[in-house]
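Dear colleague,

Please find below the structure that I am handing over to you. My notes on what was found in it follow directly after.

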Amino acid sequence: MAWDVETERGKRGAPSRPAAHGSALRSAFSWHVVKRSLLIATAVGTVLNLINQGDAIAGDAEVEWGKLILTFCVPFFSATLGAYAAQGDVQCEGRLRDVTMSHEDLG
């Protein structure tokens, strides 16, 4: 994610907001991240479904399919959102470091 070094008023200054979320978003939905999120969702979703619908899985009650599917979706999106946030933090820190170093060179 690139950071805009222009403030909202157009003056040069500290980064004010992300200029574009595109690269971090592309990274968050890259095959590597999606594959890892699917693995996490499979592991966590299975455990949660065993806990929440153990009776239904054992045959003592009816499986609630909507809840079963959502129980896998929540950890998938949580892991993907975490990857997106982490990617943004890494790019942010790098860009802030570059801006700080350029200001130190001026002084």
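Ile 51 has a relative accessibility of 62% in this predicted model, and it counts as exposed because that value is over the 50% cut-off. The residue belongs to helix α2, which spans residues 31-52. Ile 51 also takes part in a nonpolar surface patch of about 400 Å². The other members of this patch are Ile 40, Val 44, Val 47 and Leu 48.

Thr 80 presents the opposite case: its relative accessibility is 4%, and it is classed as buried because this lies under the 20% limit. Its place is in helix α4, made up of residues 65-106. Leaving aside residues up to four places away in sequence, Thr 80 touches Ala 28, Phe 29 and Ser 37. With Ser 37 there is also a polar contact between the two side chains, at 3.0 Å.

As to the chain as a whole, its secondary structure consists of 4 helices and 2 strands. Read from the N terminus, the order of these elements is β-β-α-α-α-α. The chain has 107 residues, of which 25% are buried. About 7,500 Å² of the chain is exposed, and carbon and sulfur atoms account for 63% of that area. Of the contacts between residues at least 6 apart in sequence, 48% link residues at least 24 apart.

With kind regards

Note on methods:
Residues numbered from 1 in each chain as written. Predicted model: local features only at pLDDT ≥ 70, side-chain atom pairs only at ≥ 80, totals over all residues. Heavy atoms only, no water. Buried < 20%, exposed > 50% of the residue type's maximum accessible area, 1.4 Å probe, protein only. Polar contact = N/O pair within 3.5 Å; in protein donor to acceptor, adjacent residues only side chain to side chain. Contact = heavy atoms within 4.5 Å. Patch = residues over 30% accessible without salt bridge, like charges linked within 9 Å, V, L, I, M, F, W, Y side chains within 5 Å. Areas by Shrake-Rupley, 256 points an atom, 1.4 Å probe, with all protein chains shown as cover. Salt bridge = Lys/Arg side-chain N within 4 Å of Asp/Glu carboxyl O.
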